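The following exercises are to be worked with the sequence and the model side by side. Each task is followed by a solution in steps.

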Amino acid sequence: MTIRVATVQFEPRPADKAYNLARIEHFTNAAARDAVQLVAFPELCLVGNRHLTKLSEEELSDIAEPEDGSSVTQIRALSERLDIGIAVGLLAEREGRLFNAYAVCLPDGAVHIHRKLHTVGYHGISEGDGYTVFDTPWGVRLGVLICFDNNIVENVRATALLGTQILLAPHQTGGTHTIVPFAENPLPLSVWENRATAPDTVRKAFAGPTGRDWLQLHLPTRAHDNGLFIVFSNGIGRDDDEVRTGNAMIVDPCGRIIAESRAIDDHMVTADLDLDLVSGSVGQWWTKARRPELYQPLTTARSSTSGTSSMPGTPRMPSTSGTPGAPSMPRASGASGTKPPSRQSPPPPTPQAQAQQRS
């Protein structure tokens, strides 16, 4: 079984929803003409990104929309009309709280919303409290993690255990201010502004430690170790006082990049995903060899003490699923009771995925 997927890099204009929606419609129409079944756009592509860190809560509220607001309604209608899934980033309001959100509109009219779990640097924007994994009309199970969510290894593993075959990973990254050594660092705005006269300088910068090289440190590993496809979308160009580096790409469950953009402007790349690679991947094999009874440290805060710690060999873990000693899994949107793989002999207690239906 295969599914044709596209991922887009583009430069959104801050708070200019009309322009950003027009770009989304442009690429969606191009994808539909190419028989693409699902097209993914970057984090916060409807409103822009970095300028949000400098706004008051009142100003953020003016930009935000309800999760069923006009922008999502428009994209949902486009999805149904063109018979294509469309995934976009927005600033959403829900029950009086603001979220960095990602809406996946499916051609059957369903809309699934992921709320970013780790909102580092965004004051006034709340953090989500659950994973988003759901079934689709194509018989494929999708998951969503936004930007920094993907840096936390437990998040990707949890979505994999909830049955994700294709992980949508929308970002606004590259060229950011960071404490990461030998990786991301700000690119001078002049590099981007002079792209017409010095395009090779831009390409070199986008492929270097602050761009593609940074992505190679983690995205292929996440895909390989968890046995899933990763569809990475990103901003490109100026993002307030920083520069985003594009590099839209699709990584297969073996950790191989099967499609990527080297363009230094708005661009889309497409790939046919062979889902047999998921079930046959080493990541899936490793997942089946897990021993959850050993993983209590994953649910506790990191110790600040020094010295050597000894761990009991078979700690018992709290159970909320009715299985003695089994750890509880965070709930997932549309999870439908999916159970993560378990070892064959002897079978350890396995986490139970409980469904949390979201509108």
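## Exercise 1: Salt bridges and burial

Asp-239 and Arg-244 are joined through their side chains by a salt bridge, with 2.9 Å from N to O. The model is a predicted one.

**Task.** Determine whether Asp-239 and Arg-244 are buried or exposed.

**Solution.**
1. The cut-off for a buried residue is a relative accessible area under 20%.
2. Asp-239 has 7% relative accessibility and therefore counts as buried.
3. Arg-244 has a relative accessible area of 2%, so Arg-244 is buried.
4. The pair belongs to a network of salt bridges that links Arg-50, Lys-54, Asp-239, Asp-240, Asp-241, Glu-242 and Arg-244.

**Task.** Classify each partner in the salt bridge between Asp-252 and Arg-256 by its accessibility.

**Solution.**
1. The closest N and O atoms of Asp-252 and Arg-256 are 2.8 Å apart.
2. Asp-252 is at 1% relative accessibility and so counts as buried.
3. Arg-256 has a relative accessible area of 46%; because exposed requires over 50% and buried under 20%, Arg-256 is partly exposed.

**Task.** State where in the structure Asp-200 and Arg-203 lie, and classify their accessibility.

**Solution.**
1. Both residues lie in helix 6 (residues 199-207), where a separation of three residues corresponds to about one turn of the helix.
2. A salt bridge connects Asp-200 with Arg-203, and their closest N and O atoms are 3.1 Å apart.
3. Asp-200, at 58% relative accessibility, counts as exposed.
4. Arg-203, at 41%, counts as partly exposed.
5. In the whole structure, a search finds 22 salt bridges.

## Exercise 2: Cysteines

**Task.** State how many disulfides a search of the whole structure finds, and classify Cys-105 and Cys-254 by accessibility.

**Solution.**
1. The search finds zero disulfides.
2. Cys-105 has 0% relative accessibility and counts as buried.
3. Cys-254 has a relative accessible area of 35% and is partly exposed.

## Exercise 3: Two helices with a buried face

**Task.** Compare the end-to-end span of helix 3 (residues 70-82) with its expected value, and identify which of its residues are buried.

**Solution.**
1. Helix 3 comprises 13 residues, and from its first C-alpha to its last it reaches 18 Å, close to the 18 Å expected at 1.5 Å a residue.
2. Its buried residues are Ser-71, Val-72, Ile-75, Leu-78 and Ser-79.
3. Viewed down the axis of helix 3, these buried residues fall within an arc of 120°, so they line one face of the helix.
4. Ser-70 and Arg-81, on the other side of helix 3, are exposed.
5. The elements against which the buried residues pack are helix 1 (17-33), strand 3 (65-66), strand 4 (85-94), strand 5 (97-105) and strand 6 (111-115).
6. After helix 3 comes Asp-83, with a positive phi near 60°.

**Task.** Carry out the analysis for helix 1: what span should its 17 residues have, and which residues are buried?

**Solution.**
1. At 1.5 Å a residue, the span should be 24 Å; the end C-alpha atoms of helix 1 are 24 Å apart, which agrees.
2. Asn-20, Leu-21, Arg-23, Ile-24, Phe-27, Thr-28 and Ala-31 are buried in helix 1.
3. Down the axis of helix 1, the buried residues fall within an arc of 155°, so they line one face of the helix.
4. The exposed residues Ala-18 and Arg-33 sit on the face turned away from the buried side.
5. Among the elements covering the buried residues are strand 1 (2-10), strand 2 (38-40), helix 3, strand 4 and strand 14 (267-274).
6. Ala-35, just after helix 1, has a positive phi of about 65°.

## Exercise 4: Strands 7, 8 and 9

**Task.** Establish how strand 8 (residues 141-144) runs relative to strand 7 and to strand 9.

**Solution.**
1. Strand 7 and strand 8 run antiparallel and are joined by four bridges; Phe-134 stands opposite Leu-142.
2. The two strands form a hairpin with five residues between them, and Gly-139 in the turn has a positive phi of about 80°.
3. Strand 8 and strand 9 run parallel, joined by three bridges; here Gly-143 stands opposite Leu-167.

**Task.** State how many residues are buried in strand 7 (residues 131-135) and in strand 9 (residues 166-170).

**Solution.**
1. In strand 7, four of the five residues are buried.
2. In strand 9, five of five are buried.
3. Strand 9 is covered on both faces, with Ile-166, Leu-168 and Pro-170 buried on one side and Leu-167 and Ala-169 on the other.

Notes
Residues are numbered from 1 along each chain as its sequence is written. This is a predicted model: local features need pLDDT of at least 70, side-chain atom pairs count only at pLDDT 80 or more; totals for chains, interfaces and linings use all residues. Side-chain values use heavy atoms; hydrogens and water are left out. Buried means under 20% relative accessible area, exposed over 50%, partly exposed in between (1.4 Å probe, protein chains only). Two strands pair if DSSP finds at least two bridges between them. A salt bridge is a side-chain nitrogen of Lys or Arg within 4 Å of a carboxyl oxygen of Asp or Glu. A disulfide is a pair of cysteine sulfur atoms within 2.5 Å. The expected span of a helix is 1.5 Å times one less than its number of residues. The arc is that of the directions from the helix axis to the C-beta atoms. Contact means heavy atoms within 4.5 Å.
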